[in-house]
Amino acid sequence: MQQNKKQWKKWLATASVASLAATALTGCGGDTADTASQSPQGSAAAVTPAKPLELSIMLPVFNTSYPKDGSPVLAEIEKKTNTKIHIDWVPNSSYNDKFNITLASSKLPSIMYVPDTKSSSFVNAAKSGAFWDVAPYLKNYKNLGQSNKTVLENYAIDGKTYGIYRSRALGRNGINFRQDWLDNVGLSAPKTIDDFYNMLKAFKEKDPDKNGKDDTYGMVLVKWTGTWASGFDTIKLWFGAPNKWGAVNGALVPEHETAEYFEALKFMRKLFEEKLINQDFAVYDSAKWIDPVVNGKAGVIVDVSDTAGRIEQKIHDALKAANKDEPTKQFVDNSIGVEGKNGLKALPTTGYAGILAIPKSSVKTEEELKQVLQFIDQSNEAEIQTLLYSGIEGKHYTKDTDGFIIPSTDTALNESEVAGLGQMLTYIPETRTLKSKKTQTPLSIKTEKMQKEAEKYIVPNPAESLISKVYSQKGPQLDNIINDARIKYIVGQSTEADWKAAVELWKKSGGDEYVKEMNELYAASPKK
């Protein structure tokens with residue numbers, strides 16, 4: 001996309017800032033108060049501070065090399081935001097351990113990345129008052145004021161918002177399919193459940209790859225390491241099942257206790273019986289999920305819709321290696337989903353990948369909080385997003401004639417000066433970063449628009465923000481009962497009566513206690 005060239009407004013914050021320890025936010029002095037901006041966008045504004053705002057930020061890092069304090073990109077961001085930034089980089093593999101250790105210490109950073117908002121350590125710390133509830137302040141900021149309400153509710157704790165979410169596509173899930181196979185069997189993209197079934201059947205029985213062999217099947221599924229990873233969480237919604245929990249007459253009901261959920265199971269059993277899905281799905285490794293589609297064995301994956309782009313790229317790479325590539329041909333396409341009796345339904349993600357929380361022990365006053373939020377708000381402007389994502393033009397990237405970014409091929413330079421800074425990006429209200437020209441294909445452009453469109457059709461989980469003590473103790477056992485019963489029913493090793501018996505076992509093994517607790521939490525929740 002084209003970079004937003006709008007001129008930056010000068011960043012304003014509150015009164016002069018006195019230096020604190022390197023791990024804490026600078027305190028405020030003087031009598032100058034914050035004043036709300038009168039601009040149409042409603043961004044916050046204040047008097048220019050005499051000294052830069054000192055920020056310490058704790059982030060995960062995935063490389064052994066990373067941007068040091070004062071390195072070129074950070075220095076440019078500091079200049080544009082009137083800040084002095086220290087980043088505490090923590091290897092991602094040990095981030096959770098360091099997170100818990102830091103929480104227990106007296107030296108917390110100004111901004112702290114929280115990977116798991118449902119972890120007991122973060123929840124207990126938030127409830128005890130360790131972090132600022134930012135919800136009352138968001139409306140005062142140009143970008144943060146456009147935060148998605150559904151996403152905010154998804155990580156709320158007792159109705160409070162203890163951090164700024166790192167946005168990810170809320171309507172990301174969908175269907176990915178071989179468009180060339182559809183063309184070969186004379187079908188169009190599926191619109192209904194029946195269309196979807198007919199597509200899978202044609203992909204098995206009508207020689208979609210035109211090789212004269214009976215060697216293809218409809219859809220590839222993977223082992224049930226989590227329902228999101230199976231495609232079933234999306235498919236069940238087509239039949240009217242809820243997303244994990246349904247709200248019926250003001251009460252929460254587990255999805256597996258609904259008739260619609262069982263209808264979806266019967267559909268999956270039919271697909272298995274007719275060998276329209278891989279017969280080894282219960283043990284098939286999710287790391288190899290796209291391989292059958294790339295290799296021309298299966299034609300469909302129900303997963304995140306951007307999987308289509310990854311499959312497409314691998315197909316072209318394989319053809320290129322064999323000197324058979326058709327660069328302009330599109331082999332893969334995608335869609336939001338298909339319609340059931342209640343119309344089109346889509347599975348949402350939580351809409352975020354961790355949050356940036358602001359500890360009260362380091363950001364001590366409301367005036368300091370406003371300055372930190374102003375920095376996060378400003379980081380969502382196109383110019384700062386591009387710096388955090390791609391670095392400095394002419395040094396870390398160039399632009400082609402269409403204005404798209406071409407990253408430097410100097411991996412060492414990018415890792416030492418740019419890589420990892422994107423962990424600060426919250427992308428609220430949207431991603432404004434320039435993308436690599438290589439990623440801008442008709443399919444990727446369509447996918448981005450489609451994921452936004454899918455938000456109209458998502459089925460929220462009404463209990464997403466609720467945190468159960470029972471589940472923290474018995475969750476794995478309860479999940480295994482349902483997962484095992486589901487697999488046995490789909491592969492024909494059990495009957496409907498066996499399924500109902502498994503649901504009863506789930507109830508007696510802690511499920512009833514779990515449902516009771518969730519309904520109590522739901523009744524007490526500000527959100528209904």
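What percentage of the 528 residues in the protein is buried? In this predicted model, the answer comes out at 51%. The chain folds up into 16 helices and 19 strands. As for the outside, the accessible surface adds up to about 24,000 Å², and carbon and sulfur atoms account for 51% of that area. Long-range contacts are well represented: taking contacts between residues at least 6 apart in sequence, 76% of them link residues at least 24 apart.

Two of the sheets are worth walking through. One is an open sheet built from five strands, and reading across it gives the order β6-β5-β7-β17-β8, with mixed pairing. Its edges are β6, covering residues 83-91, and β8, covering 164-167, and each of these pairs on one side only. From one neighbour to the next, the strands of this sheet are turned by 25° on average, ignoring direction. Inside the sheet, β5 runs parallel to β7 (residues 111-114), and two bridges hold to that pairing. To find this spot in the structure, look for Met58, whose bridge partner in β7 is Met112.

Strand β5 (residues 53-61) also turns up in the packing, since it is part of the largest nonpolar core. That core has 65 residues, and β5 supplies the largest share of them, namely six. Which members touch the most other members of this core? They are Phe122, Phe131, Ile358, Leu373, Phe375 and Met424. Met424 makes a handy viewpoint: leaving aside residues up to four places away in sequence, its contacts are Ile57, Leu59, Leu74, Ile87, Leu356, Phe375 and Leu388. Another core lies apart from this one and holds 52 residues, including Phe203, Phe262, Ala485 and Tyr489.

The other sheet to look at is also open, but with four strands in the order β10-β13-β9-β14, and here too the pairing is mixed. The edge positions go to β10 (217-219) and β14 (332-335), each of which pairs on one side only. Going from one strand to the next, the twist averages 20°.

Strand β9, made up of residues 173-178, is a good place to get oriented in this sheet. Is β9 mostly covered or mostly open? Mostly covered: six of its six residues are buried. On one of its pairings, β9 meets β13 in the antiparallel sense, with five bridges between them. Asn173 can be used to locate that pairing, as its bridge partner in β13 is Val304. The pairing of β9 with β14 is antiparallel as well, over four bridges. Here Ile175 has Ser335 of β14 as its bridge partner, while Asn176 is matched with Asn334 of β14.

A helix packs against this sheet too. Helix α6, residues 193-205, lies across β9, β10 and β13 (298-304). Relative to β10, the helix runs at about 145°.

Notes. Residues numbered from 1 in each chain as written. Predicted model: local features only at pLDDT ≥ 70, side-chain atom pairs only at ≥ 80, totals over all residues. Heavy atoms only, no water. Pairing = 2+ DSSP bridges. Axes fitted to C-alpha atoms, helices over the stretch in contact; angles between N-to-C directions. Contact = heavy atoms within 4.5 Å. Core = buried A, V, L, I, M, F, W, Y, C linked by side-chain atoms within 4.5 Å. Buried < 20%, exposed > 50% of the residue type's maximum accessible area, 1.4 Å probe, protein only. Areas by Shrake-Rupley, 256 points an atom, 1.4 Å probe, with all protein chains shown as cover.
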